[in-house]
Amino acid sequence: MVDLLLIHPPSYLRFREERRKYGPIADVIPSTPLFDMYPYGFLSIANYLAKRGYKVDIFNLAARMIMDPYFDLKSYIRKIEAELVGIDLHWMVHASGAIDLAKSIKEERPELPIMLGGLSATIFHEEILSKYDWIDLAVLGDTTEPIIEKVLDSRMSIEKMREIPNLAYRDGRRIIVNDIVYVPNNLDEFSIDYHALFSSLARSSEPVWWIPFADFIEHPIGAIILFKGCKYTCLGCGGSAYAYSKYFKRRAVAPKSPNSVVEEIKSITDYMKIPIFLVGDIRLIGMKNMEKLLSELKSERIDLNTVFFEFFTPPPPQSLVNDLASLDAEVFFQISPESHIESIRRYYGRPYGNEALENFISQSVHSDARRIDLYFLVGLPKQRLEDAASLPRYLFGLSRKIDKGRIEKLDFFVAPLAPFIDPGSLAFDFSEKLGYRLKAKNLEDHVKLIAGSRDWRDMLNYETKWMNAGEIAKATYISGRGLLELKKELGLVNSQAAEEMIAKIDSEYIQDIMEKETVIPEDLYPSVPIYSAIEGNISNVLLSIMKNILGLE
Ligand code: SF4
């Protein structure tokens, strides 16, 4: 019996029963279009509670259902042995999956208490408890580890729950909401010891299915969150300063200290040589912290293999780019200009022009960095079809400004803003004013949109004043196709793979769930399969289970 079982649902629970055109909605992330990657919070909650003596299991149901066509959900539910079941509703794409999974569990096992958590669950907690009586409680806010500990200790006593902040629950027919007052101002308590965590998860009743996403075994990547909150407000972002302040009561960015970040990295890299993604612009932990972290990363304490740094705005043309690029590792930079058209970018909330962007690119390709990746979006306010479609032309011009010998240090991707602009974002709250037309306004609308759509175009929760759903899709394909042509011409991707993908785009085919539609997976993140990346001293149990699952022994 475990104290807490955390289950991650696919975005749509009945995906095996029907064919869908998923399109490019998950092309630039490690997940499939069923969004099988669970939020980082699962690991942090499991780690926090395990350190305090609680037994926690993570079950990635989405990954299991994708990889095991014979997996039977009902029999799994019958065997659950847990005091409390937690389901993530962090990203809105899990609206249908989370609600439906909770219902399936309650129908089979009415005695099991079911809790939802995550940013979307926080925004929609009233609707969750008023419409779905199979869900018992919702934990609120961006940091809920101590809240869940209190819930476990309460043993679901209403009397005790009255005293727990950041919690919504039912007392009979009444919905009680205890305000969000727990908003920690740093994250040190929540940093993760991955080695201890994975070793303990490997001893659980489902020893492999804690994997963060279905493709993790073949293309593993580790993520470390540097902070919570943001100082920017990009219009469609539910993790913006606006959303954090209004819905999660966070007024300032909460950083993780350099020491905690380093220990967290070491707990991965000492055992697995996998790429590490440092999530969030490193400058937002504060300049002093950043300098300390940099000097730690340069020290011999850490054996980095491949590391990704993201920037919210181009760093100033000083030493930061060279400092990061000169780490003893393959260093990748990422930046999301969203649009190559400055006015559209600035309106969306990215406060910089093309000159600053191109200076950053130039500095990066002349540094020791392995590559700089640019990410663009389709579906922005003020963006017309011809604006999005002209992206390949801009990038062609940009490529001409880069020495031939350095061009392989540049890469670029485009994706639709899909399927949803985030609830909690400015664009969601003030849609009409900002040029968006919403097709779904509450949780139930989103549940229906996901369940009822057979084509990704129909699943979008918005159109803009400048493009309808069909035009957003058309612009995405024109732009994505153009980028593949350009990458082929510049020698950035395998030409046969690019030609095959272009042919698939032209034929409007229906891709397999594990396939990307417009992006060649090897182009996205470099990686080696987990069984080659594991160092000898990681838990032998874990290694042999993984090999077993993969049929390697
Ligand atoms: S998209 Fe914009 S608002 Fe959202 S986290 Fe990134 S920089 Fe912050």
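User: Where in the chain is Met156 found?

Analyst: In this predicted model, Met156 belongs to the loop between helix H7 (145–154) and helix H8 (158–161).

User: What makes the backbone of Met156 worth a remark, given its phi?

Analyst: Met156 has a positive phi of about 65°, although this residue is not a glycine.

User: What is the geometry of the peptide bond from Ala418 to Pro419, and how do you know?

Analyst: The omega of that bond is near -5°, and the bond is cis. Pro419 itself is found in the loop between E15 and helix H18 (426–429).

User: How do you know that E6 and E7 pair, and in which direction do they run?

Analyst: Five bridges join strand E6 (residues 167–171) to E7. Pairing requires at least two bridges, and therefore E6 and E7 count as paired. The two strands run antiparallel. Individual bridges can be named: Asp171 has Arg174 in E7 as its partner, and the partner of Tyr169 in E7 is Ile176.

User: What makes E6 and E7 a hairpin, and what is notable about Gly172?

Analyst: E6 and E7 form a hairpin with two residues between them. Gly172 is in the turn and has a positive phi of about 65°.

User: Why are E2 and E7 called edge strands?

Analyst: Seven strands form an open sheet in the order E2-E1-E3-E4-E5-E6-E7, with mixed pairing. Strand E2 (56–60) and strand E7 (174–178) each pair on one side only, and they are the edge strands. From one strand to the next, the twist of this sheet averages 25°.

User: What makes helices H1 and H4 part of the picture of this sheet?

Analyst: Helix H1 (residues 40–51) packs on the sheet and touches strand E1 (2–8), E2 and strand E3 (82–88). The direction of H1 makes about 170° with that of E1. Helix H4 (residues 95–108) also packs on the sheet, touching E1, E3 and strand E4 (114–117). The direction of H4 makes about 160° with that of E3. Since angles run from 0 to 180 degrees between N-to-C directions, each helix points nearly opposite to the strand named with it.

User: What kind of pairing does the six-strand sheet have, and how do you know that E8 and E11 pair?

Analyst: Six strands form an open sheet in the order E8-E11-E12-E13-E14-E15, and the pairing is parallel. The edge strands are strand E8 (222–225) and E15, each of which pairs on one side only. Four bridges join E8 to strand E11 (residues 276–281). As at least two are needed, E8 and E11 therefore pair. One of these partnerships links Ile224 with Leu278 in E11.

User: What makes a residue part of the lining of the second largest cavity, and which residues qualify?

Analyst: A lining residue has an atom within 4 Å of a cavity point. Phe412, Phe413, Val414, Gly480, Leu483, Leu484, Lys487, Thr518, Val519, Ile520 and Asp523 line this cavity. Strand E15 (410–416) and helix H21 (469–490) are the elements that give two or more residues. The largest share, four residues, comes from H21.

User: How do you know that the second largest cavity belongs among those found by the search?

Analyst: The search of the whole structure finds three cavities of 30 Å³ or more. The volume of the second largest is about 70 Å³, which satisfies that limit.

User: How do the classes of residue divide in the shell around the ligand?

Analyst: The residues around the ligand are Cys230, Tyr232, Cys234, Cys237, Gly239, Ser240, Phe312 and Arg350. They divide into five nonpolar, two polar and one charged. Gly counts as polar, and therefore Gly239 falls in that class.

How values were computed: Residues numbered from 1 in each chain as written. Predicted model: local features only at pLDDT ≥ 70, side-chain atom pairs only at ≥ 80, totals over all residues. Heavy atoms only, no water. 1 Å grid on protein atoms, 1.4 Å probe; cavity = no way out; pocket = protein on both sides within 12 Å on 5 of 7 lines; lining within 4 Å. Points joined across faces, edges and corners; volume = space filled by probe spheres on them. Near = heavy atom within 4 Å. Contact = heavy atoms within 4.5 Å.
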